[in-house]
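Reader: Could you take me through one part of this model up close, and then show me how it ties in with what's around it? Plain talk is fine.

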Amino acid sequence: MADELDDIVLSELDDDELTLQMHDDLYDGLKEEIVEAVNILLERKWQPYDVLTKALVEGMRIVGIDFRDGILFVPEVLLAANAMKAGMAILKPLLIESGAPRVGTMVIGTVKGDIHDIGKNLVSMMMEGAGFEVINLGINNSVENYLEAIATEKPDILGMSALLTTTMPYMKVVIDALKAKGIRDDYIVMVGGAPLNEEFARAIGADAYCRDAAVAVETATEFMNRKHNLLAAGG
Ligand code: B1M
């Protein structure tokens, strides 16, 4: 297997082969190979967003299936996540450098008890790329963390991420805390994460469920347009 790997020269693979090889390398947690392949695709004039979605996110989707089925375990998935983050680090400045004017501010964090951060970081990057200022609170955020951050940052949007069925109910705890303080309607609350859906978002009183980072950007932009129109109309 090692010999086989040694024989592969990433730069000699065509785009389709290289993308498939990246899925394998992500699966095997091969950080250096992922970094090299991301750079090769960028040199071949791939759009950063395509590298992200077609090579990295798709590779992580495959990892997720085998994790679910008990073929991969936490240590292997951590290696895959590290490799993914190394690839994302190269793409981040490229996704952000759009130079768009600031269209709004978002505070975002993964909820208490949950340490998954890849998806949230992707949302942050894409939002920054679309001209939002993003305050990323990281993982494992309590109600108090969110409240403190929105009091300090005064964002337009509060974003929450949860990847576990056991942590997603915590989003309602945060929204209920906003209601109890009488400040719920001061913020657009957007939620996301693999186990969520529209119905859940409605049930907990969020303004929107975002299936992925692209939808998060679209939704946030729409809300901000509406907010600006309302303000312009004196509403
Ligand atoms: Co975890 N894990 N994990 N894990 N892990 C899942 C979520 C799981 C579905 C795997 C599986 O069984 N198939 C499963 C949850 C099952 C469930 O609850 N129903 C699971 C489990 C069980 C666990 C542990 C409990 C395992 C254990 O210890 N026995 C443990 C929990 C630890 C904890 O949080 N307390 C655990 C640990 C880990 C690692 C640490 C090894 C690692 C995380 C590393 C890290 O994030 N730094 C990990 C990983 C990597 C995964 C999978 C494989 C991949 C998640 C990911 O990064 N996806 C995941 C399987 C899966 O989701 N299919 C799994 C790629 C990312 C781009 O997608 O995060 O969905 P995603 O984000 C998307 C959208 O959801 C959306 O946009 C993003 C970009 O498009 N989105 C938002 C996300 N957040 C948003 C917020 C928004 C908007 C959109 O706000 C506005």
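Author: Let's start where the helix stops: just after H4, glycine 70 takes a positive phi of about 75°. Before we go on, this is a predicted model, where local features need pLDDT of at least 70 and side-chain atom pairs count only at pLDDT 80 or more, while totals for chains, interfaces and linings use all residues. Numbering runs from 1 along each chain as its sequence is written, and side-chain values use heavy atoms, with hydrogens and water left out.

H4 itself covers residues 48-68 (helices are DSSP runs of H or I, at least four residues, and strands are runs of E, at least two, numbered from the N terminus). Its 21 residues reach 28 Å from first C-alpha to last, close to the 30 Å expected (1.5 Å times one less than the number of residues). There's a kink of about 30° in H4, centred on valine 57 (the angle between axes fitted to the seven residues ending there and the seven starting there).

Which H4 residues are buried? They are Pro48, Val51, Leu52, Ala55, Leu56, Gly59, Met60, Val63 and Asp66 (buried means under 20% relative accessible area, exposed over 50%, partly exposed in between, with a 1.4 Å probe and protein chains only). An α-helix has 3.6 residues a turn, so residues three or four places apart point the same way. The cover over those buried residues includes helices H2 (15-27), H3 (31-43), H5 (74-96) and H6.

On the H2 side, look at threonine 19, which sits in that helix. It counts as buried because its relative accessibility is 10%. Not counting residues up to four places away in sequence, threonine 19 touches Trp46, Lys54 and Ala55 (contact means heavy atoms within 4.5 Å).

Leu56 of H4 also matters for the bigger picture: with Met22, Met127, Ile157 and Met190, it is among the residues touching the most other members of the largest nonpolar core, which has 49 residues (such a core is a set of buried Ala, Val, Leu, Ile, Met, Phe, Trp, Tyr and Cys residues joined through side-chain atoms within 4.5 Å). H5 gives the most to this core, with eight residues. A second, separate core of 27 residues includes Val107, Leu147, Ala162 and Ala201. Back in the largest core, methionine 127 is in contact with Met106, Phe132, Val134, Ile157, Ala216, Val217 and Ala220, leaving aside neighbours within four places in sequence.
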